[in-house]
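Q: I'd like a close look at one helix: which side is buried, which side is exposed, and what it packs against. Then please follow the trail outwards to whatever its neighbours lead to.

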Amino acid sequence: MQIADLGDVQLHYRIDGDPDGAPVVFANSLGTDLRLWDAVLPLLPAGLKLIRYDKRGHGLSSQPPAPYSMGALVRDAEALLDRLEIRDCVFVGLSIGGMIAQGLAVKRMDQIRALVLSNTAAKIGTPEMWNERIEAVRAGGIEALADSIMERWFSKDFRATPELALWRNMLVRQPADGYAGCSAAISGTDFYTPTSGLRLPTLGIAGSEDGSTPPDLVRETVDLIPGSRFELIRKAGHLPCVEKPAEYAAVLTQFLRDVGHVRG
Ligand SMILES: O=C(O)CCC(=O)CC(=O)O
């Protein structure tokens, strides 16, 4: 367990794999911590330096008062990568993590050589929808939203397994301020124009049963970037890295090979 003190925020991060390997950075979704990637990382090829972190207000990172801006979330990622002297990484961002990825790619091309936009979009939902969610969390805590969130996060089959309880626990144990703060950041974000200007290898990943960022929405964003490719993971919801880790690792590994991040 490691912590980076970035001034107004302390970020919990973890590095696995080869310390001298080609860097791959993972940014997770709203209401999850860095354990989101636990099942995928061991399935990736050797020779990679695998960096993941808890964004502000989530996991073991500090929790500045809400609301947060997307600019602050992008700055946090930028400062963490600078602190760790990461250049030319492949940045894998899921949902709000994918928004952070888009913002960082626009700002710091030296840090990112290729993007994976997983279950994300240039714009997610509407300000009205996010305001309702923020008010619901303020009134009743994350618990008030948890059952409907599980329906968007996971396919019907997965929701019938005992593992669902673990992910529900992860969600409801995130700080309410962190959840509301990041919801405000998503609400204020529309990356359509900046993302249209990106020119770097990009892979989009969607889940066929994603109730938060359906496949067409992910595809629309990924298609803004010329030459990008798109992979659909079947029988998975918003978190295919949890539901279908082997399929997720396979499409990610193929992309890492295609962009020359792993050999062989
Ligand atoms: O997962 C995210 O980072 C934001 C998208 C979302 O709304 C997830 C959910 O449906 O709860």
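A: Start with the words: buried means a relative accessible area under 20%, exposed means over 50%, and partly exposed is whatever lies in between, all with a 1.4 Å probe and protein chains only. Helices (H or I, at least four residues) and strands (E, at least two) are DSSP runs counted from the N terminus. Keep in mind that this is a predicted model, where local features need pLDDT of at least 70, side-chain atom pairs need 80 or more, and totals for chains, interfaces and linings use all residues. Numbering runs from 1 along each chain as its sequence is written, and side-chain values use heavy atoms, with hydrogens and water left out.

So, helix 4, residues 143-153. Its buried residues are Leu 145, Ala 146, Ile 149, Met 150 and Trp 153. Those residues span an arc of only 145° around the axis (taken from the directions from the axis to the C-beta atoms), which puts them on the same side of helix 4. Look at the other side of helix 4 and you'll find Ala 144, Asp 147 and Glu 151 exposed. The buried set packs against quite a list: helix 3, helix 5 (156-159), helix 6, helix 7 and helix 10 (240-243), where contact means heavy atoms within 4.5 Å.

From here you can walk into a pocket. On a 1 Å grid over the protein atoms alone, a pocket is an open set of points where a 1.4 Å probe fits, with protein on both sides within 12 Å along at least five of seven lines, and lining residues have an atom within 4 Å of a point. The second largest pocket holds about 220 Å³, volume being the space filled by probe spheres set on the points. Its lining takes in 18 residues, with Ser 95, Trp 130, Arg 133, Ser 212 and His 238 nearest the centre. Helix 4 turns up again here: along with helix 3 (127-140) and helix 7 (176-187), helix 4 gives two or more residues to this lining. By type, that lining splits into nine nonpolar, seven polar and two charged; Ala, Val, Leu, Ile, Met, Phe, Trp, Tyr, Cys and Pro count as nonpolar, Asp, Glu, Lys and Arg as charged, and the rest, Gly included, as polar.

Ser 95 deserves a pause. Ser 95 isn't a glycine, yet its phi is positive, about 60°. You'll find Ser 95 in the loop between strand 5 (89-94) and helix 2 (96-107), buried at a relative accessible area of 8%. Asn 119 is another non-glycine with a positive phi, about 45°. Asn 119 sits in the loop between strand 6 (112-118) and helix 3 and is buried, with a relative accessible area of 0%.

Helix 2 and strand 6 also lead to helix 9, since both are among the elements that its buried residues pack against, together with helix 8 (192-196), strand 7 (202-207) and strand 8 (229-233). In helix 9 (215-222), the buried residues are Pro 215, Val 218, Thr 221 and Val 222. These cover an arc of only 130° around the axis, so they end up on the same side of helix 9.

Now back to helix 6, one of the packing partners of helix 4. Helix 6 gives four residues to the lining of the largest pocket, the largest share. That pocket has about 390 Å³ of space and 22 lining residues, with Asp 33, Arg 35, Leu 36, Asp 38 and Met 170 nearest its centre. The lining divides into eleven nonpolar, four polar and seven charged. Strand 2 (10-17) and helix 6 (164-172) each supply at least two of the lining residues.

Strand 2 is home to Arg 14, which is partly exposed at 38% relative accessible area. The side chains of Arg 14 and Asp 16 make a polar contact of 2.9 Å (N or O atoms within 3.5 Å, one able to donate a hydrogen and the other to accept it; sequence-adjacent residues count only through side-chain atoms). Beyond four places in sequence, Arg 14 touches Leu 34, Leu 50, Ile 51 and Arg 52.

Last stop: the loop between strand 4 and helix 1, where Ser 61 sits, buried with a relative accessible area of 9%. A polar atom of the Ser 61 side chain lies 2.8 Å from the backbone nitrogen of His 12. Pro 67 belongs to the loop between strand 4 (48-53) and helix 1 (70-83) as well, and the peptide bond from Ala 66 to Pro 67 is cis, with omega near 0°.
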